[in-house]
Amino acid sequence: MAKSIYVGNLPWSATEEQVKDLFAEYGAVLSVKLVNDRETGRARGFGFVEMEDADAAKAIEALEGSSFGGRTLRVNEAKPRAPRPRY
């Protein structure tokens, strides 16, 4: 089964391809989605990587707190987004 991994504190310059290559060392990467600001289109410094369960566990353990592009990564299992109140 696939698991979604939250990747935070990415450098603004990071590309989906670079993030995919980083995680590919630990197994097959099913997808990478970096989040951009809706108004400016600029990277927001975080994203999500989808991998198989066993590979995801290895990647989270290996990459949490590691350095990437001069920044210390935050890597953990993605939690479902809390519903936002509608106004």
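Visitor: In this predicted model, where buried means under 20% relative accessible area, exposed over 50% and partly exposed in between, is Lys 3 buried, partly exposed or exposed?
Guide: A residue under 20% relative accessible area is called buried, and one between that and 50% is partly exposed. Lys 3 has a relative accessible area of 21%, so the class for Lys 3 is partly exposed.

Visitor: Which residue meets the side chain of Lys 3 in a salt bridge?
Guide: The bridge links distant parts of the chain, with Lys 3 in strand β1 and its partner 74 residues away in strand β6 (residues 74–77). The partner has 39% relative accessibility and therefore counts as partly exposed. The N to O distance is 3.7 Å, and the residue is Glu 77.

Visitor: How many salt bridges are there by this rule?
Guide: The rule asks for a side-chain nitrogen of Lys or Arg within 4 Å of a carboxyl oxygen of Asp or Glu. Among the pairs that satisfy it are Lys 3 with Glu 77 and Lys 58 with Asp 55. The count comes to three.

Visitor: How far apart are the closest N and O atoms of Lys 58 and Asp 55?
Guide: Both residues lie in helix α2, three residues apart, which is about one turn of the helix. Lys 58 is partly exposed because its relative accessible area is 47%, while Asp 55, at 17%, counts as buried. The closest N and O atoms of this salt bridge are separated by 3.6 Å.

Visitor: Arg 74 and Glu 64 also meet in a salt bridge; how many residues apart in sequence are the parts that the pair ties together?
Guide: The N to O distance in this bridge is 3.3 Å. Arg 74 is partly exposed at 45% relative accessible area, and Glu 64 is partly exposed at 34%. Arg 74 lies in strand β6 and Glu 64 in the loop between α2 and β4 (67–68), so the parts tied together are apart in sequence by 10 residues.

Visitor: Which element gives the most residues to the largest nonpolar core?
Guide: This core has 19 residues, and those with the most contacts inside it are Ile 5, Phe 23 and Val 49. Two or more residues come from each of β1, α1, β2, β3 and α2 (53–63). The element that gives the most, with four residues, is α2.

Visitor: Is Arg 38 buried or exposed?
Guide: Arg 38 sits in the loop between β2 (29–36) and β3 (43–52). On the surface, Arg 38 gathers with Arg 44, Arg 81 and Arg 84 in a patch of positive charge. The relative accessibility of Arg 38 is 77%, and the cut-off for exposed is over 50%, so Arg 38 counts as exposed.

Visitor: What is the phi of Asn 9?
Guide: Asn 9 is found in the loop between β1 (2–8) and α1 (16–24). With a relative accessible area of 29%, Asn 9 is partly exposed. Its phi is positive although the residue is not a glycine, with a value near 65°.

Visitor: How far apart in space are Tyr 6 and Lys 79, C-alpha to C-alpha?
Guide: Tyr 6 is in strand β1, and at 27% relative accessibility Tyr 6 counts as partly exposed. In sequence, Tyr 6 and Lys 79 are 73 residues apart. From C-alpha to C-alpha, the distance in space is 8.1 Å.

How values were computed:
Residues numbered from 1 in each chain as written. Predicted model: local features only at pLDDT ≥ 70, side-chain atom pairs only at ≥ 80, totals over all residues. Heavy atoms only, no water. Patch = residues over 30% accessible without salt bridge, like charges linked within 9 Å, V, L, I, M, F, W, Y side chains within 5 Å. Areas by Shrake-Rupley, 256 points an atom, 1.4 Å probe, with all protein chains shown as cover. Lys, Arg positive; Asp, Glu negative; His and termini not counted. Charge placed at Lys NZ, Arg CZ, Asp CG, Glu CD. Buried < 20%, exposed > 50% of the residue type's maximum accessible area, 1.4 Å probe, protein only. Core = buried A, V, L, I, M, F, W, Y, C linked by side-chain atoms within 4.5 Å.
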